[in-house]
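Q: I have a protein model in front of me and would like to learn how to read it, feature by feature. Could you take me through it?

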Amino acid sequence: MTKFITYFNLCPIPEPKEFLGISPDKDDGNIITTLGKNIIIIIKISTQKQIRSWSVLEKLSCKVVFDKKSAKYVGVFGNKSLRCWDATTSDVNKCKKLKFQKHIADLVSSGDETLVLYSDGSCELLASAIESRKEDVNTSNPQILELSSSLVFSNPSVHVMANGNRLLTYFERNANNGDYHLIRLPLKSEGRGMVEAPKRFRLARDNLNVNVAGAAVIEGEGVPMLLTIWSDKRMFILSLGDDVSPERSPGNFVSLLTQLKADNPLSVMGISKHFVAIYGANHGQEGASLLLYNTQYKVIKTKQFFKVFFKFSNLWSVRDHIVVAMGQNLSVVKYRVLKEVLSELVGTQVSHDYQTANEMDYINEEDVMEECLQYSAEIQTYYNENKDQDKMSKFNEADGFAIPFKGPEDFDTELNALRQLNLHADVVQDDAAEAVQITLMSNFYDEGFSCLDIQMIAQHLERLEASEHEISEKLLTMLVRGNLLEDIGVCLRRYTNISEKMLSKVLNFILKKYVKEYKTNARCASEQMDVEDNSDAEVEKTTKSSETRNVLNVLLACSFDSETLELYIRQDVEYNEVVLLLHHLYEMLTTDAELEERPSLYDTSTEFELQLFRWFGVLLNSHFQKLALSKEVALIELLFKWHELFQSYKREIVELQSVAALLYNVVERKPTLKDKSSSKWYSIEEVYLF
């Protein structure tokens, strides 16, 4: 799932308005922070420790970057000169100053290269800029100087297209008239850094008194996307492909952002494919929030709340960390984004924040379409006062009684089509209410919970469009407390997206019962009992043990993330239970037992044997020290059995390599190689003379 993991303050920002930003260091996980225009600090995020720092006399005009080609740090001073130094330099002020004829707006890191972006909109590679800096450039024109001084560049970044071409994008704001543009600069394929035909996208919506609250260029399907959020909370996305026209700006309307105040400035940044981080003031309450927004499904995945909102804010992405500059603090939020699951996204768009009637619908720009799409109380009141029933009928929704949705023939046709898809359809008809309720379950064998109270709670949560993650967590907590083993199996089968935390807690509950039944059966087997007198008791004990084993096997078939599950199992599951589970996994692999087929939430296979091997790896990593230090003979024998099992699989894989080559030749219809030793032209015979 996608979530925020940790949050901590990295370092203070003495003067927020003079904070120039951060950039990646030469070592992975380190960042270069440029504070107060004359302080440079390198910080390791994981340990929050300062690695090294420099203080300069002249003021820096943009953030310091590390150029991988020259292995030097590069800083711009007064927009007119550069200094380059390495990690061993103690005094940056003694380094040689390289003066430029053009005004330098910013430095952009792109892989192993560093681009120099000038105030006139041109750019070139750092090495080329240093070589050509002494060339005469016509900068004496007062109009050019005035225009360059009024333009403010922000968020420059380099993107790689699906065809390998590179783009430089940045936002340009005119301080005099307030014009806001996105500049799209294609870079030459040979990598010289010179810009070919640039495109300017004007960020404005004609005939509307709205302004841009936040904008960013994010990653798309092989093409970067322009994401803009406006003061009326509307969100637009524009693909920045080669054939895009500037007249299409700001793009297509996709959704409304109702959780944040759009009249305040928003900080927006793309962190990965289909994911955007947004920081802004909370809507209808104090404080601020950091959101992770999914542009593919138009939903908010997770939130981080803050007590105070700062108008000065900025976002950067460093590996799996979001660096947030808020007021006088530089903070870090660690996040995790796994494979997207549609069932996880169901219900996440339901928000308890204040929303007006218009904000609850997707609204187009045309006023006529807005009136037809919304069924608000204002329209109802207006037509009731005028008593115009003819016009009122145009806005009446189908209620299933006076205005039917569909005829019974259409309903039966669709229901039969659903049944043909192997979906278990539970049709409940109430003759008194003359209503029909249909519940679709993903598992064909799902017959509902045996406990009616749990069944009602589950149906209520499903009607509220809660996500599977939320439903399973609430239900499994109640089922474990109620000791309802059978319904735990129903819940594990019914919902696919179950958190690793709940899987660990349920596994602990099942294993405790399994340990007790295992000891009871072992004690009963050692005693001599009359078969005829105790047949019923043996059947009952065997049934209970079989039920526990079945529920355990259902849990083993669930999809999970190994690293996350190891942390919870280390805390919840005890050593003796792990040993018993290792026995159970070995018996499953060496017998004819199989697991149920379940969909995979992650990029892993759900094959029977591979799934059990993944569980073996989780148990081994979570309790490695206890298993390694144990001197129990039974455990050592069990581990030797696992070793022999892995060796047998290894031998089979080696043997199947030759079979795979033969099958490939058969499929490709390639002829087999003939024996080169045979020949029809001649033969050699050996004659022995006595």
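A: The turns below go from the whole chain to single contacts, and the model they describe is a predicted one.

Q: How many helices and strands are there in the protein?
A: A count of secondary structure elements is a useful place to begin, and here the protein has 17 helices and 29 strands. Of its 690 residues, 43% count as buried, while the accessible surface comes to about 39800 Å², with 51% of that belonging to carbon and sulfur atoms.

Q: What share of the contacts in the protein between residues at least 6 apart in sequence join residues at least 24 apart?
A: The share is 52%, taken among contacts between residues at least 6 apart in sequence. Gly 121 offers a single case to look at, in the loop between β11 and β12. Its C-alpha atom is separated by 8.7 Å from that of Ile 183, although the two residues are 62 apart along the chain. Leaving aside residues up to four places away in sequence, Gly 121 touches Phe 153, Tyr 170 and Leu 185, and with a relative accessibility of 16% Gly 121 counts as buried.

Q: How many residues of helix α10 are buried, and which ones are they?
A: Burial can be read along an element, residue by residue. Helix α10, which covers residues 485-494, is mostly covered, as eight of its ten residues are buried. They are Leu 485, Asp 487, Ile 488, Gly 489, Val 490, Cys 491, Leu 492 and Arg 494, a list that includes the residues Asp 487 and Arg 494.

Q: How many salt bridges does the structure hold, and which residues are linked in a network of them?
A: A salt bridge is read from the side chains that meet and then from where they lie along the chain. The structure holds 14 salt bridges, and Glu 58, Arg 83 and Lys 97 are linked in a network of them. Within this network, Lys 97 bridges to Glu 58 with the closest N and O atoms 2.9 Å apart. This pair links distant parts of the chain, 39 residues apart, since Lys 97 is in the loop between β8 and β9 and Glu 58 is in the loop between β5 and β6. Lys 97 is partly exposed at 31% relative accessibility, and Glu 58 is partly exposed at 29%. Arg 83 has a further contact, lying over the face of Phe 77 at 5.1 Å from the ring centre.

Q: Where do Arg 200 and Glu 172 lie, and is each of them buried or partly exposed?
A: The side chains of Arg 200 and Glu 172 meet in a salt bridge, at 2.7 Å from N to O. Arg 200 is in strand β16 and Glu 172 in strand β14, and the pair links parts of the chain that are 28 residues apart. Arg 200 counts as partly exposed at 42% relative accessibility, whereas Glu 172, at 7%, counts as buried.

Q: How many aromatic pairs are there, and why is the pair of Phe 613 and Tyr 649 called edge-to-face?
A: Aromatic pairs are read from the distance between ring centres and from the angle between ring planes, and the count here comes to 19. The centres of Phe 613 and Tyr 649 are 5.2 Å apart and their planes stand at 85°, so the pair is edge-to-face. Because Phe 613 lies in helix α15 and Tyr 649 in helix α17, the pair ties together parts that are 36 residues apart in sequence. Phe 613 is buried at 19% relative accessibility, and Tyr 649 is buried at 17%. Ring pairs also link both of them with Tyr 586, Phe 616, Trp 642 and Phe 646 into a cluster. A ring can also meet a charge: the charged end of Arg 614 sits over the ring of Phe 560, 4.3 Å from its centre.

Q: Which residues form a nonpolar patch on the surface?
A: Leu 656, Val 659 and Leu 663 form a nonpolar patch there, and together they have about 280 Å² of accessible area. Val 659 lies in helix α17, which covers residues 633-667, and at 38% relative accessibility Val 659 counts as partly exposed.

Methods
Residues are numbered from 1 along each chain as its sequence is written. This is a predicted model: local features need pLDDT of at least 70, side-chain atom pairs count only at pLDDT 80 or more; totals for chains, interfaces and linings use all residues. Side-chain values use heavy atoms; hydrogens and water are left out. Patches are made of residues with over 30% relative accessible area and no salt bridge: like charges are joined within 9 Å, nonpolar side chains (Val, Leu, Ile, Met, Phe, Trp, Tyr) within 5 Å. Accessible areas come from the Shrake-Rupley method with a 1.4 Å probe; for residues, only the protein chains shown count as cover. A salt bridge is a side-chain nitrogen of Lys or Arg within 4 Å of a carboxyl oxygen of Asp or Glu. Helices (H or I, at least four residues) and strands (E, at least two) are DSSP runs, numbered from the N terminus. Buried means under 20% relative accessible area, exposed over 50%, partly exposed in between (1.4 Å probe, protein chains only). Rings of Phe, Tyr and Trp (its six-membered ring) pair if their centres lie within 6.5 Å; planes under 30 degrees apart count as stacked, over 60 as edge-to-face and the rest as tilted. A charge sits over a ring if NZ of Lys or CZ of Arg is within 6 Å of the ring centre and within 35 degrees of the ring normal. Contact means heavy atoms within 4.5 Å.
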